[in-house]
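Q: I'd like a close look at one part of this model and at what goes on around it. Keep it relaxed, but give me the cut-offs as you go.

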Amino acid sequence: MAKMVSPDAISTILANPSPDSSSDFPELVVQVLDLKPTGSKFTFTASDGKKKVKAMFQSTLSSLITSGSIQNLGLIRILDYTLNDIPTKNEKYLFVTKFETLSPALDSEYKAEAEAKDSGDELKSKQEMDVEFEVNGIVLKPKQEILAKSAAQIVHEQHQNMAPSARMAMTRRIHPLVSLNPYQGIWTIKVRVTGKGNMRSYRNARGEGCVFNVELTDEDGTQIQATMFNEAAKKFYDKFQLGKVYYISKGTLKVANKQFKTVQNDYEMTLNENSEVEEASSEATFIPETKFNFVPIDELGPYVNGRDLIDVVGVVREVSMTMSIRRKSNNEAIPKRDITIADETKKTVVVSLWSDLATSVGQELLDMADKSPVVAIKSLKVGDFQGLSLSAVSKSVVVINPDLPEAKKLRSWYDSEGKETSLASVGSGLSLSAKSGARSMYTDRVLLSHITSNPTLGEDKPASFSVKAYISYIKTDQTMWYRACKTCNKKVTDAIGSGYWCEGCQKNDEECSLRYIMVVKVSDASGEAFFSLFNEQAEKIIGCSADELNELKSQDGENSYQMKLKEATWIPHLFRVSVTLQEYNNEKRQRITIRAVAPVDYATESSSLIEQILKMKISKVE
């Protein structure tokens with residue numbers, strides 16, 4: 001049966017971006033144009049013949065596309081949707097969350113002019129229903145039989161076949177996490193708890209309180225962190241159970257603090273005591289899709305000892321037996337297993353798996369080590385053990401031989417040439433230089449003006465450079481350090497009674513240490529910029545520890561303290577820095593962080609300059 005698009009369907013959607021239910025809008029039949037895969041989802045353009053809007057199907061609908069139920073140039077009736085701004089794109093996207101297929105591919109794109117010529121003519125369906133066609137390499141097969149039903153019929157039939165609790169669930173309007181933003185009205189999400197933090201106590205100028213956060217993941221694999229304070233924390237701490245699926249509504253969103261965020265999302269969520277959290281216990285739940293943002297092994301350097309967790313994909317070269325490691329905090333013995341992986345950069349890196357990952361996935365990898373499986377690992381911490389190494393954390397996910405383009409490409413490379421290629425450890429030769437800060441000081445050498453004159457540097461991922469410059473100014477009245485646990489170096493808070501509480505070690509301690517965290521002005525011949533500086537690098541520049549500087553200030557007075565800082569200025573250093581963009585008051589600003597610092601080796605510096613001069617001469621001759 002031929003169908004027509006709904007007149008002004010796109011205008012109706014644009015005027016009503018977030019309807020409460022299907023009864024809030026008339027019948028919306030649109031044509032699917034430019035259907036193509038984008039990552040794990042499919043994007044398309046929804047058209048009513050006069051207007052168009054970019055749109056997206058959720059990844060769970062991919063099977064309907066490849067089977068032919070949804071076709072390019074076909075017609076669909078939209079039953080539920082959300083129209084929203086995409087944070088990374090300056091445009092609106094239509095997220096289709098419920099629909100019904102009305103027609104396979106039509107002969108051509110529907111145009112409003114055709115209707116004006118002959119309002120009685122309807123668009124013809126394709127005559128050859130068994131013809132296959134290809135969109136971006138994906139074969140789309142027409143469905144043999146399509147039965148058109150109205151939205152009311154579909155809803156009625158589904159309600160009749162469901163248990164009462166499931167019928168209630170169906171009345172909810174579920175929003176995908178990717179569609180949420182701080183300016184949105186009422187929303188409900190369906191998410192699985194994939195990470196849960198401990199309840200923490202804090203004390204500030206407004207008094208004492210408690211806080212905890214959870215990591216939430218929806219069916220498409222999009223993640224967001226939700227934080228609860230005080231009454232909300234007490235109300236929901238026992239409610240949220242790791243691995244369970246919940247409906248959540250009446251929360252608020254704000255721009256994420258990228259310095260402390262643990263998931264890839266531009267926003268973070270806050271739940272208060274009036275928020276609604278209901279477990280989806282009486283209906284089918286879901287396993288979230290795991291999304292990866294892979295970092296090549298030879299580009300891991302800028303992440304060493306940083307806050308960011310990274311994802312890698314590699315071929316397993318070696319798998320160790322399990323070993324028992326005792327925690328410093330409680331002397332508990334936990335299993336550990338090391339695997340060595342390699343990628344197309346011809347570098348290898350050691351990944352440490354802990355606890356259940358070591359005994360389950362680790363044992364599986366050991367059993368199949370002779371087949372050199374490919375592994376994709378999400379959420380790894382980058383450390384400086386043996387120069388550079390990776391370590392799993394509680395939220396890490398390991399997927400063996402994943403069905404991903406990157407894994408297939410890596411498999412092909414390794415089988416054809418990688419297994420016969422000489423591979424070097426990414427951390428080889430870095431153990432000593434990492435301590436001295438001399439790692440990579442002569443690669444990517446730039447002037448400060450190169451960084452400051454390029455405001456988009458670090459927008460997608462941290463950019464790394466080497467700089468030869470001077471510390472020109474250290475503000476003496478800034479926050480120079482923080483109180484840290486002597487065991488794990490994490491920030492501590494005042495414990496109830498006396499001493500200090502460490503969240504990382506989950507214990508009180510009577511003493512703590514001071515660790516530098518400061519900002520300095522750095523200058524070279526091209527200009528100046530402010531650099532963030534942390535403990536190890538600051539100790540090399542200041543010439544003493546934060547505890548020693550604090551003691552100097554308290555015992556010898558303010559003048560001695562300021563003189564010590566002044567002595568650290570106008571001395572040439574080699575810096576390895578990372579550049580990222582951070583959002584502050586809705587404005588993106590560069591954050592330049594010193595990752596390593598070393599004194600100038602004038603012999604090496606001279607050799608480097610001579611090499612540059614020779615290259616300049618050769619380029620002029622050519």
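A: What follows begins with the whole chain, settles on one strand and its partners, and then visits a few other spots.

Some bookkeeping: this is a predicted model, so local features need pLDDT of at least 70 and side-chain atom pairs count only at pLDDT 80 or more, while totals for chains, interfaces and linings use all residues. Residues are numbered from 1 along each chain as its sequence is written, and side-chain values use heavy atoms, with hydrogens and water left out.

The protein chain carries 15 helices and 31 strands (DSSP runs numbered from the N terminus: H or I with at least four residues for helices, E with at least two for strands). Of its 622 residues, 44% count as buried (under 20% relative accessible area; exposed is over 50% and partly exposed lies in between, with a 1.4 Å probe and protein chains only). The chain exposes about 32800 Å², and carbon and sulfur atoms supply 49% of that (Shrake-Rupley areas with a 1.4 Å probe; for residues, only the protein chains shown count as cover). Among contacts with a separation of 6 or more, 64% come from residues 24 or more positions apart (a contact means heavy atoms within 4.5 Å).

Now for the close look, which goes to strand β23, residues 463-474. This strand is mostly covered, with 9 of its 12 residues buried. β23 pairs with strand β30 (residues 572-584) in the antiparallel sense, over 8 bridges (strands pair if DSSP finds at least two bridges between them). One place to spot this pairing is serine 464, whose bridge partner in β30 is serine 578. β23 also runs antiparallel to strand β28 (residues 513-524), and 4 bridges join these two. Here tyrosine 470 stands opposite serine 523 in β28.

Tyrosine 470 deserves a longer stop. The count of aromatic pairs comes to 10 (rings of Phe, Tyr and Trp, the last by its six-membered ring, with centres within 6.5 Å; planes under 30 degrees apart are stacked, over 60 edge-to-face and the rest tilted). Tyrosine 470 and tryptophan 570 make a tilted pair, at 6.1 Å centre to centre with 45 degrees between the planes. Tyrosine 470 belongs to β23 and tryptophan 570 to the loop between α14 (558-567) and β30, so the pair ties together parts that are 100 residues apart in sequence. As for cover, tyrosine 470 counts as partly exposed because its relative accessibility is 33%, while tryptophan 570 counts as exposed at 54%.

β30 has a ring contact of its own to look at. Phenylalanine 531 and phenylalanine 575 have ring centres 6.1 Å apart and planes at 85 degrees, so the pair is edge-to-face. Phenylalanine 531 sits in strand β29 (residues 527-534) and phenylalanine 575 in β30, so parts that are 44 residues apart in sequence are tied together by this pair. Both of these phenylalanines are buried.

Next come some rings elsewhere in the chain. Phe44, Phe57 and Phe99 form one aromatic cluster. Lysine 196 lies over the face of tyrosine 237, at 4.1 Å from the ring centre (NZ of Lys or CZ of Arg must be within 6 Å of the centre and within 35 degrees of the ring normal). The charged end of lysine 553 likewise sits over the ring of tyrosine 561, 4.5 Å from its centre.

On the backbone side, two residues are worth a glance. Aspartate 34, in strand β1 (residues 29-38), has a positive phi of about 55 degrees although it is not a glycine. This aspartate is exposed, with a relative accessible area of 53%. Serine 379, in strand β20 (residues 374-383), is not a glycine either, yet its phi is positive at about 65 degrees. Serine 379 counts as buried, at 7% relative accessibility.

Finally, a word on confidence. The mean pLDDT of the protein chain is 80, and 81% of its residues reach 70 or more (pLDDT is the predictor's confidence in each residue, from 0 to 100). Over residues 114-139 the pLDDT is below 50, and that stretch has 44 contacts in the model beyond near neighbours in sequence. Residues 429-439 also stay under 50, with 20 contacts beyond four places in sequence.
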